[in-house]
Amino acid sequence: MNSQIFILSDEVYNNGLFPQVPKYNKKDSWFILTGGTGSDIIVDDRTTVRQIRQGRYKRLVEISQKSYSYIHTFNAPCKETSYTFKVTVKANVLIDDPLDFWGNSRNINAQDFFNNQFSLDVRRIARNYSILDYGAIDDDLLDTLPRTKVLDSASGLAYQIQTVETTPNEAALKVLEQKEKVGIENYLKKQEMVGIADIDAFSSKLAMQNSGISYEEAIWGEVATGKYSRVHAIEKIDAYKNQSRQGKLQSMLELRKEGIVTDEDIEQYKAALLPELGVTAASPVKAITQQKDDAIVDDYFEED
């Protein structure tokens, strides 16, 4: 913010033997007579021609009564000495005393003014926060910084804080971006692994009763090792369920070729498949070969 935005005009004033009182009733403005031998005065309904003539004023200055929005940004230290926070404070600023403001306007630097007003408090609070955990810092700052209008008699200015926003500096943001990327990747991996613990527990329980595992259990086991994603596993299992008996057997044998299931698993799987073929495990091999589905049985024994 440039303090000159409050100065709407600065004109030569002709102070003769019979000076006129300047018009002063313009909305949202003060008018100051200055540059004479007397003290600067605000023109109002009590200002007289005699007072103006005695003061020998040479300039008439118009100063705004409106408030202006000002955004002040500065760096503040955090817990990690290598990084800083960028703190942005939005405030409404206005003139509280036009005479004090005019007397100091040439010496006012908005950046320095606001640094002096609250940067020490901001820095003190910011040091308590890490760039990895700073979610509460804005509320903490708003609780500490004044929320009511603050007057500064030295400058004639007044301000009222509206918002405070804190973000890590550019170097710290790069660190956070990498951290978030890793976090998202880990999250997705965990999502793919949902239910794997239950599947492992089920497989262990099944192993106590039966040394073999089913096609679904074998596929879920590969999800646990990272070979298949959860989505891929579901697709393979759905495709398996839609296959014929011959196709199911072929899928199981392909898993054996890949080393996912063992010969013992195949034997157990065969025992489970026999009822689907219309025979029992106690039926002689010859009886099996007499079934209508000879092709399935032939493939069955060829692969074994």
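In this predicted model, Arg124 is partly exposed, with a relative accessible area of 46%. The side chain of Arg124 meets that of Asp121 in a salt bridge, at 3.8 Å from N to O, and Asp121, at 31% relative accessibility, likewise counts as partly exposed. Both residues belong to helix H3, where they lie three residues apart, about one turn of the helix. An α-helix has 3.6 residues a turn, so residues three or four places apart point the same way. Elsewhere, Asp44, Asp45 and Arg46 are joined into one network by salt bridges that share partners. Within that network, Asp45 forms a salt bridge with Arg46, the closest N and O atoms being 4.0 Å apart, and both Asp45 and Arg46 are exposed.

The structure holds five salt bridges. Side chains of opposite charge can pair when their charged atoms come close. One of these salt bridges brings together the side chains of Asp10 and Arg59, at 2.8 Å from N to O. Because Asp10 lies in strand S1 (residues 7-12) and Arg59 in strand S4 (residues 59-64), this pair ties together parts that are 49 residues apart in sequence. Asp10 is partly exposed, its relative accessible area being 34%, and Arg59 also counts as partly exposed, with a relative accessibility of 30%.

The two strands that carry this salt bridge are also paired through bridges of the strand kind: S1 and S4 run in the antiparallel sense and share five bridges, with Glu11 standing opposite Leu60 in S4. Strand S4 has a further antiparallel pairing, over six bridges, with strand S2 (residues 29-34), and here Leu33 is the residue that stands opposite Leu60. In a regular strand the side chains alternate between the two faces of the sheet. As for the surroundings of S4, five of its six residues are buried, so this strand is largely enclosed by the rest of the structure.

From here the path leads to another sheet. An open sheet of four strands, with antiparallel pairing, has the order S5-S6-S8-S7. Its edges are formed by strand S5 (68-77) and strand S7 (150-152), each of which has a single partner strand, so one side of each is left without a neighbour in the sheet. On average, and with direction ignored, neighbouring strands of this sheet are turned by 35° against each other. The edge strand S7 pairs with strand S8 (residues 157-168) in the antiparallel sense over three bridges, and in this pairing Leu151 has Ala158 in S8 as its bridge partner.

Helix H3 packs on this sheet, where it touches S5, strand S6 (84-95), S7 and S8, and its direction makes about 45° with that of S5. Helix H4 packs on the sheet as well, touching S6 and S8, with a direction that makes about 160° with that of S8.

Which residues of H3 are buried? They are Ala110, Phe113, Phe114, Asn115, Phe118, Ser119, Val122, Ile125 and Ala126, and these buried residues pack against S5, S6, H4, S7 and S8. Phe118, one of the buried residues, also marks the place where H3 bends by about 55°.

Between helix H3 (110-126) and helix H4 (137-144) there is a loop, and Ser130 has its place in that loop. Is Ser130 buried or exposed? With a relative accessible area of 13%, Ser130 is buried, because it falls under the 20% that sets the limit for that class. The side chain of Ser130 is joined to the side chain of Glu80 by a polar contact of 2.4 Å, and the side chain of Ser130 also reaches the backbone nitrogen of Leu132, at 3.0 Å. When its neighbours within four places in sequence are left aside, Ser130 is in contact with Lys79, Glu80 and Phe85. Phe85 falls within the range of strand S6 (84-95), so that this loop residue is in contact with a residue of the sheet on which the two helices pack.

Key
Residues are numbered from 1 along each chain as its sequence is written. This is a predicted model: local features need pLDDT of at least 70, side-chain atom pairs count only at pLDDT 80 or more; totals for chains, interfaces and linings use all residues. Side-chain values use heavy atoms; hydrogens and water are left out. Buried means under 20% relative accessible area, exposed over 50%, partly exposed in between (1.4 Å probe, protein chains only). A polar contact is a pair of N or O atoms within 3.5 Å; within protein, one must be able to donate a hydrogen and the other to accept it, and residues adjacent in sequence count only if both atoms are side-chain atoms. Contact means heavy atoms within 4.5 Å. Two strands pair if DSSP finds at least two bridges between them. Axes are lines fitted to C-alpha atoms, for helices over the stretch in contact, and angles run from 0 to 180 degrees between N-to-C directions. The bend at a residue is the angle between axes fitted to the seven residues ending there and the seven starting there.
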